[in-house]
Amino acid sequence: MSRICLFLGLVWLALTLTGCATRVWNQPIGLADDVYRYDYDFRTRLPRNADDLFIVLAFSGGGTRSAAFTYGVLEKLRDTQVTIQGKPRRLLDEVDVITSVSGGSFTAAYYGLFGDQIFTDFEPRFLKRDVQADLYWQLANPANLIKLAGSEFNRSDLTANWLDRELFEQKQFANMSRGDLPFVIINASDLNNGSTFSFIQPQFNFLCSDISSYPVANAVAASAAVPVAFATIALRNYPDCPQRNIPWVDEALAHDSPLDRRYAVARALERYRRPERMPVVHLVDGGVTDNLGVRGSMMSPVAQFGNVPDMAGAFTPKQLAKVRNVLVVVANAQVFAEYDWSREGKEPGIVGSVLASFDAALGILNTETASLAKQGFMMWEQRINEQRGTQTPPVKVHFSVLTFNQIKDTAERDYFDALPTSLSLKPEAVDAVRKLGGRLLESSPEFTEFLKAVH
């Protein structure tokens with residue numbers, strides 16, 4: 001009896017200390033402060049950026065390995081000087097967009113919130129911290145176990161709370177990309193529709209929701225919520241609002257071919273219009289639908305207001321007429337690891353088969369996504385140049401993909417391929433991956449060509 005009383009006393013104490021755990025939900029349109037909205041609009045953003053340059057960074061998944069790799073890319077851009085209108089300027093300050101999934105979202109979101117502060121405290125706060133162990137300890141905490149017993153609080157909500165407290169300092173999307181910082185697109189996957197879900201206002205319009213008050217930590221948690229290992233991050237789909245009635249969706253459904261990507265996206269978006277049948281949207285790791293983040297966001301009809309061929313969400317007609325050089329850097333931290341069962345000639349077993357199948361699908365998806373994204377940008381380049389004619393200087397797209405496969409030394413490549421996809425790496429591994437990101441960018445022919453064109 002005394003043990004039961006003791007247990008009940010501990011439960012009461014835990015509830016008293018922690019309060020009743022509730023999920024952080026997105027808010028409906030109209031309740032958030034409209035003074036600053038996180039709209040997809042370059043016309044009022046980045047006023048100091050050169051009109052003739054447009055730079056997009058795409059950060060892949062891969063846990064801390066990807067976070068370190070993409071951090072190295074930022075370091076290299078910081079240390080690369082260009083001359084803009086006769087004045088020296090860091091190339092990093094010319095970046096217009098960072099789009100990310102999973103592990104890359106930690107780096108992208110942190111830079112989008114804190115800017116150059118990332119170069120002083122991101123390593124100790126995240127890269128060289130055993131985040132995985134910290135999250136395990138969260139699960140071992142009895143108070144958190146009580147929280148998880150609720151119907152509207154799960155492991156990913158717990159992870160989001162930890163990230164909000166320990167890394168992102170309770171920042172919301174209203175705090176993102178202030179001043180001269182690039183526009184950041186964090187991507188997850190919508191399990192309801194099997195499609196990419198980008199944390200931008202045009203996507204939230206279909207939920208009749210305002211992204212401004214939504215915690216950045218929750219978006220990153222959704223982007224990195226690997227199925228099974230993590231639960232879903234949930235968003236409410238609110239009743240009808242004018243913002244949900246987007247003309248291009250009806251146009252695509254009425255006139256586009258069912259084989260067109262715009263039609264497929266519109267078909268998925270149409271389901272949001274029936275909140276009584278989809279009251280809650282469940283999000284998981286962005287790598288499920290696009291592990292590179294570039295095709296699911298920059299080439300998405302949602303981000304481009306239904307007009308991907310002109311990239312209408314990124315450029316006004318006036319801006320489009322001025323752009324000359326476009327740099328796209330896809331930082332892909334995917335590994336090609338050996339399996340113990342393969343090396344030892346054994347049966348893979350159920351878990352081994354599932355993991356190997358997932359890796360195979362992800363590898364094919366990454367290759368196809370990079371190819372399609374490059375093809376999309378090249379088609380855009382051709383279209384714009386045809387519209388310009390011979391009287392206006394042409395636009396040139398420099399599309400650079402950075403992968404571990406570009407490492408020439410076999411032993412070095414094997415070392416990086418053996419790094420785990422987790423939220424914990426040894427400090428020396430973090431340093432090695434970070435330096436690799438800068439090294440591969442520096443040796444990229446497309447990046448070199450871009451620098452020559454700029455200078």
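Begin by selecting helix H9, where Val216, Ala217, Asn218, Ala219, Val220, Ala221, Ala222 and Ser223 are buried. Keep in mind throughout the tour that what is on the screen is a predicted model. Eight of the eight residues of H9, which runs over residues 216–223, are buried, so the helix is largely enclosed by the rest of the structure. To see what does the enclosing, add the surrounding elements to the selection: the cover over the buried residues of H9 includes strand E5, helix H3 (103–114), helix H7 (155–166), strand E6 (183–190), strand E9 (233–236) and strand E10 (280–284).

**From H9 to H7**

Of these elements, take H7 next and display it together with H9. Two packed helices are described by the angle between their axes and the distance between the axes. H7 and H9 pack at an angle of about 130°, and their axes are 8 Å apart. That angle makes H7 oblique to H9, and the crossing of the two helices is right-handed. To look at the contact itself, show the side chains of Ser156, Ala160, Leu163 and Asp164 on H7, together with Ala217, Asn218, Val220 and Ala221 on H9. Sorted by class, the residues of this contact are five nonpolar, two polar and one charged.

While H7 is still selected, pick out aspartate 157, which lies in this helix. Is aspartate 157 buried or exposed? With a relative accessible area of 3%, aspartate 157 is buried, since buried means under 20%. Once its neighbours within four places in sequence are left aside, aspartate 157 is in contact with Arg23, Glu152 and Ile233.

**Strand E2 and its two partners**

Now move to strand E2, residues 53–59. Seven of the seven residues of E2 are buried, so this strand, too, is largely enclosed by the rest of the structure. If you show the side chains, you will find Leu53, Ile55, Leu57 and Phe59 pointing one way from E2, while Phe54, Val56 and Ala58 point the other way, and all of them are buried.

Which strands pair with E2? One partner is strand E11 (residues 325–331), which pairs with E2 in the parallel sense over seven bridges; to find your place in this pairing, look for phenylalanine 54, which stands opposite valine 326 in E11. Another partner is strand E5 (residues 95–101), where the pairing with E2 is again parallel and runs over five bridges. Here the landmark is valine 56, which stands opposite valine 97 in E5.

**Helices H2 and H4**

Next select helix H2 (residues 63–78) together with helix H4, which pack at an angle of about 170° with their axes 12 Å apart. H2 and H4 are therefore roughly antiparallel to each other. On the H2 side, display Thr64, Ala67, Ala68, Tyr71, Leu74, Glu75 and Arg78, which meet Ile118, Phe119, Phe122, Glu123, Phe126 and Leu127 in H4. By class, this contact has nine nonpolar, one polar and three charged residues.

From H4, step back along the chain to glycine 115, in the loop between H3 and H4 (118–127). Glycine 115 counts as buried, at 4% relative accessibility, and, not counting residues up to four places away in sequence, it touches Tyr110 and Leu181.

**Two loop residues with an unusual backbone**

Most residues other than glycine have a negative phi. Against that background, select glutamine 170, found in the loop between H7 and E6, which has a positive phi of about 60° although it is not a glycine. Then go to methionine 311, whose place is in the loop between E10 and helix H12 (317–322). Methionine 311 has a positive phi of about 45°, and it is not a glycine either. At 0% relative accessibility, methionine 311 counts as buried.

**Last stop: H15 and H16**

Finish with helix H15 (residues 410–417) and helix H16 (residues 427–442), whose axes come within 11 Å and cross at roughly 120°. That makes H15 oblique to H16, and H15 passes H16 in a left-handed crossing. Show Glu412, Tyr415 and Phe416 of H15 with Glu428, Ala429, Ala432, Val433, Leu436 and Arg439 of H16, since these residues make the contact. They divide into six nonpolar, no polar and three charged.

Key:
Residues are numbered from 1 along each chain as its sequence is written. This is a predicted model: local features need pLDDT of at least 70, side-chain atom pairs count only at pLDDT 80 or more; totals for chains, interfaces and linings use all residues. Side-chain values use heavy atoms; hydrogens and water are left out. Buried means under 20% relative accessible area, exposed over 50%, partly exposed in between (1.4 Å probe, protein chains only). Helices (H or I, at least four residues) and strands (E, at least two) are DSSP runs, numbered from the N terminus. Two strands pair if DSSP finds at least two bridges between them. Contact means heavy atoms within 4.5 Å. Axes are lines fitted to C-alpha atoms, for helices over the stretch in contact, and angles run from 0 to 180 degrees between N-to-C directions. Angles under 35 degrees count as roughly parallel, over 145 as roughly antiparallel, 65 to 115 as roughly perpendicular and the rest as oblique. A crossing is left-handed if the near helix is turned anticlockwise from the far one by less than a right angle, and right-handed if clockwise. Ala, Val, Leu, Ile, Met, Phe, Trp, Tyr, Cys and Pro count as nonpolar, Asp, Glu, Lys and Arg as charged, and the others, Gly among them, as polar.
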